[in-house]
Amino acid sequence: MKSLPFDSAAVRALAGILTETGLTEIEVEGKDGRIRVVRAPAQITATTAVAPTPPPAAVVEAPAAEPDDAHHPGAVLSPMVGIVYLTPEPGAAPFINLGQTVAAGQTLLLIEAMKTFNQIKAAKAGTVARILIASGTPVEYGQPLVILE
């Protein structure tokens, strides 16, 4: 079996990014090939607890289901894995605020991926109804970031 050459420093760097961000998978592709690093998620140990039963006359209501933000018609989804920034630089005013009207093509936030800051712009005009992420948090591909109405 023939061994394929790889850049061990690149693999170590990607593994470091996984550790820093808490992500479980990252993949980069360049002209020389592609590197994919996958980390197994932490094992969760379940413990069993006996919950007290409510009195027979009590009615227990199920919590209301969260709306599926990823399928909302005004959802702005993350086009990549990275770290979200809501301001252009530390201490600056945020790109958007709740209730603000935005124009199509206006920058909503930044996603840092591989030391590059990528502008995420509004695909359509609207009003910022919800901001679903906090600045400095990691995001996954396809994760809803902002809801425009």
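1. Strands here are DSSP runs of at least two residues, numbered from the N terminus, and in that sense Glu 112 belongs to strand E6, which spans residues 107-113. The model under discussion is a predicted one, and the remarks below should be read with that in mind.

2. On the overall layout, the protein comes to one helix and 10 strands, and the order of its elements from the N terminus on is α-β-β-β-β-β-β-β-β-β-β. Of its 149 residues, 23% count as buried. Among contacts between residues at least 6 apart in sequence, 54% join residues that are at least 24 apart.

3. One open sheet consists of four strands in the order E7-E6-E4-E9, with antiparallel pairing. Its edges are strand E7 and strand E9 (138-139), each of which pairs on one side only. Within this sheet, E6 is joined to E7 (residues 116-121) by six bridges, and the two strands run antiparallel; Thr 107 has Lys 121 as its bridge partner in E7.

4. A second open sheet is also described by four strands, here in the order E3-E10-E8-E5, and its pairing is antiparallel. Strand E3 (75-77) and strand E5 (101-102) stand at the edges with a single partner strand each, so one side of each is left without a neighbour in the sheet. Three bridges connect E3 with E10, the two strands running antiparallel, and Ala 75 stands opposite Ile 147 of E10.

5. The turn of the E6-E7 hairpin deserves a look at the backbone. Two residues lie between the strands of this hairpin, and both Met 114 and Lys 115 are placed in the loop between E6 and E7. Met 114 has a positive phi of about 55 degrees although it is not a glycine, and Lys 115, likewise not a glycine, has a positive phi of about 65 degrees. As for accessibility, Met 114 counts as partly exposed because its relative accessibility is 48%, whereas Lys 115, with a relative accessible area of 73%, is exposed.

6. Which side chain of opposite charge is nearest to Glu 112, and how far away is it? The residue in question is Lys 115, at 5.0 Å, and Glu 112 is buried yet has no salt bridge. The distance explains the absence, because a salt bridge requires a side-chain nitrogen of Lys or Arg within 4 Å of a carboxyl oxygen of Asp or Glu. What the side chain of Glu 112 does have is a polar contact, at 3.3 Å, with the side chain of Tyr 85. Leaving aside neighbours within four places in sequence, Glu 112 is in contact with Val 81, Gly 82, Ile 83, Tyr 85 and Phe 117. A reviewer may wish to inspect the surroundings of this buried acidic residue in the model.

7. The largest nonpolar core holds 16 residues, of which Val 84, Leu 108, Leu 109, Leu 145, Val 146 and Leu 148 touch the most other members. The elements that give two or more residues to this core are E6 and strand E10 (144-148). Apart from it lies another core, of five residues, among them Leu 14, Leu 23, Ile 26 and Val 37.

8. Leu 109 illustrates how the largest core is put together. Not counting residues up to four places away in sequence, Leu 109 touches Val 84, Tyr 85, Leu 86, Phe 95, Asn 118, Gln 119, Ile 120, Ile 133, Leu 145 and Val 146. Among these partners, Val 84, Leu 145 and Val 146 are themselves listed with the core residues that touch the most other members, while Tyr 85 also makes the polar contact with the side chain of Glu 112.

9. Is Leu 148, a residue of strand E10, buried or exposed? Its relative accessibility is 2%, and it therefore counts as buried. Leaving out residues up to four places away in sequence, Leu 148 touches His 72, Gly 74, Val 76, Val 102, Leu 108, Ala 122, Lys 124, Thr 127 and Val 128. Leu 148 and Gly 126 are 22 residues apart in sequence, and their C-alpha atoms are 5.4 Å apart in space.

Key
Residues are numbered from 1 along each chain as its sequence is written. This is a predicted model: local features need pLDDT of at least 70, side-chain atom pairs count only at pLDDT 80 or more; totals for chains, interfaces and linings use all residues. Side-chain values use heavy atoms; hydrogens and water are left out. Buried means under 20% relative accessible area, exposed over 50%, partly exposed in between (1.4 Å probe, protein chains only). Lys and Arg count as positive and Asp and Glu as negative; His and the chain ends are not counted. A polar contact is a pair of N or O atoms within 3.5 Å; within protein, one must be able to donate a hydrogen and the other to accept it, and residues adjacent in sequence count only if both atoms are side-chain atoms. Contact means heavy atoms within 4.5 Å. A nonpolar core is a set of buried Ala, Val, Leu, Ile, Met, Phe, Trp, Tyr and Cys residues joined through side-chain atoms within 4.5 Å. Two strands pair if DSSP finds at least two bridges between them.
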